[in-house]
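Visitor: I am new to this structure and would be grateful for a close look at a single part of it. Please take me through the place where a ligand would be examined, and then through whatever adjoins the account.

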Amino acid sequence: MRIDVLTLFPDMFTGVISNSIIKRAIDQNLVTINLIDFREFSADKHHKVDDTPYGGGAGMVLQVEPVHAALQSIEGYEHALKIIMTPQGVPYTQKQAYTLKEEDHLIILCGHYEGFDERIRHFFDLEISIGDYVLTGGEIAAMTVMDSVIRLLDGAIGQKASHEEDSFSQTLLEYPQYTRPRDYLGMTVPDVLLSGHHERIDTWRKEQSIKRTKERRPDLYQAYMKKTDE
Ligand code: ADE
């Protein structure tokens, strides 16, 4: 997979791409990440990429020209899935992460300022929001999407089973996990997990997943019950 990111703050990505699973995925050539500072595509002598809104109002608006020029500089951009990060986008979910994982080439635009010139939308396929809150820019949102997609690429993390058990993959939250020690300050590991009885362990985990989902995410619990009724 190749991911091109259009951003005014490429340095924000340094920590994410040079650590842990993302770094390993890059080192293994599972993904190539290309950070493009679209300020470099501004025709303005001061490299301006924003301007005041027509019709007046507060704040600045991202201009269409530098974004479009940067987009056109990307080899094969016509065939890539082009995404804008914005709180106005479709709410991001694990299901969408699985869809994006199948793409060969993603281009992600990180917005800044009060908004985009509406004509920018003409050049993109999809708008994604990572939640109903407003960030200072699309970078952290883009990193969220990238992280969630890259970890799904074949070979990025150890066991494939760990995807299958991910919270949300099956609309239930994950069951409680324990590791050594068996007793910590009187808090003990449930006996069933020490029993070596795989069937009983599986049943316990499923029950715990259902219980936890019901308590914490009634919306997901309802969806799960509906699915199991079908
Ligand atoms: N940019 C600013 N806020 C955002 C959000 N919630 N999701 C995606 N992009 C954003």
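Guide: Let us begin with I130, which has a backbone N or O atom 3.0 Å from a nitrogen atom of the ligand. The model in which this distance was computed is a predicted one. Two further residues offer contacts of this kind. In T86, a polar backbone atom is 3.1 Å from a nitrogen atom of the ligand. In Y133, a backbone N or O atom lies 2.8 Å from a nitrogen atom of the ligand. As for cover, the ligand taken alone exposes 260 Å², and the protein buries 96% of that area. The surroundings consist of 13 residues, and the closest include G131 and L135 as well as T86, I130 and Y133.

Two of these names lead on to the surface. Y133 and L135 join F9, M12 and I140 in a nonpolar surface patch of about 440 Å². F9 itself is placed in a loop, the one between β1 (2–7) and α1 (14–17). With a relative accessible area of 36%, F9 counts as partly exposed, because this value lies between the limits of 20% for buried and 50% for exposed.

A word on the wider setting may help. The chain is divided into domain 1, covering 2–150, and domain 2, covering 167–229. Taken over C-alpha atoms, the centres of domain 1 and domain 2 are separated by 37 Å.

Technical notes
Residues are numbered from 1 along each chain as its sequence is written. This is a predicted model: local features need pLDDT of at least 70, side-chain atom pairs count only at pLDDT 80 or more; totals for chains, interfaces and linings use all residues. Side-chain values use heavy atoms; hydrogens and water are left out. Patches are made of residues with over 30% relative accessible area and no salt bridge: like charges are joined within 9 Å, nonpolar side chains (Val, Leu, Ile, Met, Phe, Trp, Tyr) within 5 Å. Accessible areas come from the Shrake-Rupley method with a 1.4 Å probe; for residues, only the protein chains shown count as cover. A salt bridge is a side-chain nitrogen of Lys or Arg within 4 Å of a carboxyl oxygen of Asp or Glu. Helices (H or I, at least four residues) and strands (E, at least two) are DSSP runs, numbered from the N terminus. Buried means under 20% relative accessible area, exposed over 50%, partly exposed in between (1.4 Å probe, protein chains only). A residue is near a molecule or strand if one of its heavy atoms lies within 4 Å of it. A polar contact is a pair of N or O atoms within 3.5 Å; within protein, one must be able to donate a hydrogen and the other to accept it, and residues adjacent in sequence count only if both atoms are side-chain atoms. Domain bounds come from an automatic or database domain assignment.
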